[in-house]
Amino acid sequence: MKKLLFVLSISLFSFIETSAQVEYKVVTSVESIVPNGLGRSRIISANDTKDYKAYTTTQTEEDNSRNKSKRGDIRVKGFDETKLLNFYNIGGIRFQNIAANDAIIESKINTMIEEGWELAFVNSAVESEGGKGDGQGIFITRYLFKRNKQ
């Protein structure tokens, strides 16, 4: 019985050790809902990594100084940009464009799964036209992937 408990505890410890070694990746699709097809739609995936701590300050009652990070330092130069089609064209909403975007997004997701990533979470939002003369709008989706660190 002691041997069985020992083996189980080692197995459990090994599982906990490996499950903590996870990495995450965010992929974002931005699809334009600007009338007349004037917007830009893309899938964006950063290849560069950043440490958020380098751009973070802690505010306290004694020290409420602003974060002095420069935008140029925060930006990444290495990223993949996959072209998508806009939801609208000159004639209005274009369902063929939506189907084409779905096929490209599916391809991206399937490729990442083949590379060992697991789709863990999806979050989407929309900023649509705000009334006469606005003419702005995007549909944004963030795909959060995870996998065991390699």
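These notes cover helix α3 and the nonpolar core in a predicted model.

1. **The helix.** α3 spans residues 95-114. It has 20 residues. From first C-alpha to last, α3 reaches 29 Å, close to the 28 Å expected at 1.5 Å a residue.

2. **The buried face.** Five names to mark on α3: N97, N101, I105, I109 and M112 are its buried residues. Viewed down the axis of α3, they fall within an arc of 105 degrees, so they line one face of the helix. The general rule helps here. An α-helix has 3.6 residues a turn, so residues three or four places apart point the same way.

3. **The opposite face.** Turned away from the buried side of α3 are the exposed residues F95, Q96 and E114.

4. **What α3 packs against.** The partners of its buried residues are four strands: β1 (22-32), β2 (41-46), β3 (79-84) and β7.

5. **The core.** Which residues make up the largest nonpolar core? There are nine: V27, I43, L84, I105, I109, M112, W117, Y143 and F145. Two elements, α3 and β7 (138-148), each give two or more residues to this core. α3 supplies the largest share, three residues.

6. **After the helix.** G116 follows α3, and its phi is positive, near 100 degrees. W117 belongs to the largest nonpolar core. Setting aside neighbours within four places in sequence, W117 is in contact with E23, Y24, K25, M112, F145, K146 and R147. Of these, M112 is a buried residue of α3, and F145 is another member of the core.

Definitions and conventions. Residues are numbered from 1 along each chain as its sequence is written. This is a predicted model: local features need pLDDT of at least 70, side-chain atom pairs count only at pLDDT 80 or more; totals for chains, interfaces and linings use all residues. Side-chain values use heavy atoms; hydrogens and water are left out. A nonpolar core is a set of buried Ala, Val, Leu, Ile, Met, Phe, Trp, Tyr and Cys residues joined through side-chain atoms within 4.5 Å. Buried means under 20% relative accessible area, exposed over 50%, partly exposed in between (1.4 Å probe, protein chains only). Contact means heavy atoms within 4.5 Å. The expected span of a helix is 1.5 Å times one less than its number of residues. The arc is that of the directions from the helix axis to the C-beta atoms.
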